[in-house]
Every structure is written in structure tokens, then in C-alpha cells.
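Here's a friendly walk through a structure that may be new to you. Take a look at the sequence and the 3D view before reading on.

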Amino acid sequence: MKKIIALLTLSVLLFMQSNASDFRPILFNLTDVTVYFKTGSSKDLAKYFDQAINLNINGHQGDYSKNQAEFILKDFFIKYPPTDFKILHKGGSPGPTMFFVGSYTTDTDQFRILIKGADKGDLMKIYSLEIIKMRF
């Protein structure tokens with residue numbers, strides 16, 4: 001019985017170790033992304049966009065090129081100038097995808113930000129960005 005338990009424990013540990021090696025580090029700088037949201041810099045954020053990005057701003061959703069998404073985000077920052085941005089949660093599963101939840105604050109409104117990224121070769125690129133106005 002002890003041999004069976006030892007064998008099962010060893011199997012689980014080996015499985016966990018093999019999956020842990022699939023977890024890739026975030027290669028874009030999360031500190032930079034935070035600063036770009038705090039300053040409302042769509043141009044700098046767009047550096048981390050994939051060539052095509054799914055953008056959802058308060059229910060207005062679409063798939064856009066990197067350049068189109070940059071201009072849409074620029075309009076958002078003009079309409080809702082930032083006063084603060086914080087990353088609230090980081091997550092993902094072992095493998096090529098990660099996500100981040102943030103809080104974007106203006107003088108009058110607060111938004112929840114969901115950023116989804118995927119491993120694209122040797123870089124992590126943002127493929128989805130959701131900006132949803134919080135209702136109080």
C-alpha cells in the first residue's frame with residue numbers, strides 16, 4: 001500500500017513539474033503598461049498589441065488592426081482622461097495565455113480593464129482589451 005501511495009505522489013509531482021515548465025514569463029513590461037494607462041498613452045500601449053486585437057469599450061466591440069485600436073483607445077483617453085490605474089489581479093494557466101484585471105479611474109468615472117495576452121514567439125502580445133464602466 002505504501003508503494004502505491006509513493007508511486008502516486010511521485011507521478012503527481014512529475015506531472016506538476018512538467019506543466020510548470022510550460023508556464024512562460026510575461027515578456028511585456030507590466031510596469032510600462034500600468035504607466036501608459038496612468039498617462040493615457042495609446043501610442044505606447046499599442047506597442048504591446050497583437051496585429052489584430054479584440055477591443056470592447058462599454059459594449060462597443062469589434063476586431064481591429066493594431067493601428068485602428070490605437071486610435072479608438074486615443075479617443076477613449078481624450079474622453080475619459082486618467083487619474084489613476086492599478087492592476088488588481090494577474091492570472092493565467094500554464095501555457096501561452098495570461099490575463100490582467102485593472103481599475104482605471106477618471107475624475108468622475110471608474111472602469112474595469114481586462115487585458116488578455118498571448119505568447120507570440122518570444123513576445124507576449126495583447127490580443128484582447130475590455131474597458132467596462134463601473135456602475136455604482
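A quick word on terms: helices and strands here are DSSP runs, numbered from the N terminus, with at least four residues for a helix and at least two for a strand. With that in hand, let's start with Asp-109, which sits in the loop between strand 4 (97-105) and strand 5 (110-120). Keep in mind that this is a predicted model.

**Asp-109 and its surroundings**

Is Asp-109 buried or exposed? It's buried, because its relative accessible area is 18% and the cut-off for buried is under 20%. Leaving aside residues up to four places away in sequence, Asp-109 touches Tyr-80, Tyr-104 and Lys-133. With Lys-133 there's also a polar contact, side chain to side chain, at 3.3 Å.

**The chain as a whole**

Now step back. The chain has four helices and six strands, and if you read along the sequence they come in the order α-α-α-β-β-α-β-β-β-β. There are 136 residues, and 34% of them are buried. The accessible surface comes to about 8,500 Å², with 59% of that belonging to carbon and sulfur atoms.

How much of the contact network joins residues at least 24 apart? Taking contacts between residues at least 6 apart in sequence, the share is 45%.

As for confidence, the mean pLDDT of the chain is 82, and 76% of the residues reach 70 or more. One stretch to treat with care is residues 4-26, where pLDDT stays under 50. For that stretch the model has 12 contacts beyond four places in sequence.

**Helix 2 and what it packs against**

Helix 2 covers residues 30-39. Its buried residues are Leu-30, Val-33, Thr-34, Tyr-36 and Phe-37. Look down the helix axis and these buried residues fall within an arc of 160°, so they line one face of helix 2. What do they pack against? Their partners are helix 3 (42-46), helix 4, strand 3 (84-92), strand 4, strand 5 and strand 6 (123-133).

The face of helix 2 turned away from the buried side carries two exposed residues, Thr-31 and Thr-39. Thr-31 counts as exposed because its relative accessibility is 53%, and the cut-off for exposed is over 50%. Just after helix 2 comes Gly-40, with a positive phi of about 70°.

**Helix 3 and Leu-45**

Leu-45 lies in helix 3. At 1% relative accessibility, it counts as buried. Its contacts, not counting residues up to four places away in sequence, are Val-33, Tyr-36, Phe-37, Leu-73 and Phe-77. You've already met Val-33, Tyr-36 and Phe-37 among the buried residues of helix 2, and Leu-73 and Phe-77 are buried in helix 4.

**Helix 4, one side and the other**

Helix 4 has 14 residues, 66-79. How far should a helix like that span? At 1.5 Å a residue the expected value is 20 Å, and the end C-alpha atoms are 20 Å apart, which agrees. The buried residues of helix 4 are Ala-69, Glu-70, Leu-73, Phe-76 and Phe-77. Seen down the axis, they fall within an arc of 120°, so they line one face of the helix. On the other side, Phe-71, Asp-75, Ile-78 and Lys-79 are exposed.

**Two loop residues**

Tyr-48 is in the loop between helix 3 and strand 1. With a relative accessible area of 16%, Tyr-48 is buried.

Asn-58 is in another loop, the one between strand 1 (49-57) and strand 2 (60-65). What is unusual about its backbone? Most residues other than glycine have a negative phi. Asn-58 has a positive phi of about 50° although it is not a glycine. Asn-58 is partly exposed, with a relative accessible area of 30%.

**Apart in sequence, together in a table**

To finish, here are some residue pairs with their separation along the chain and the distance between their C-alpha atoms.

| Pair | Separation in sequence | C-alpha distance |
|---|---|---|
| Thr-31 and Ile-87 | 56 residues | 9.5 Å |
| Tyr-48 and Ile-126 | 78 residues | 5.9 Å |
| Leu-45 and Glu-70 | 25 residues | 7.8 Å |

Definitions and conventions. Residues numbered from 1 in each chain as written. Predicted model: local features only at pLDDT ≥ 70, side-chain atom pairs only at ≥ 80, totals over all residues. Heavy atoms only, no water. Buried < 20%, exposed > 50% of the residue type's maximum accessible area, 1.4 Å probe, protein only. Polar contact = N/O pair within 3.5 Å; in protein donor to acceptor, adjacent residues only side chain to side chain. Contact = heavy atoms within 4.5 Å. Areas by Shrake-Rupley, 256 points an atom, 1.4 Å probe, with all protein chains shown as cover. Expected span 1.5 Å × (residues − 1). Arc of directions from axis to C-beta. pLDDT = per-residue confidence, 0-100.
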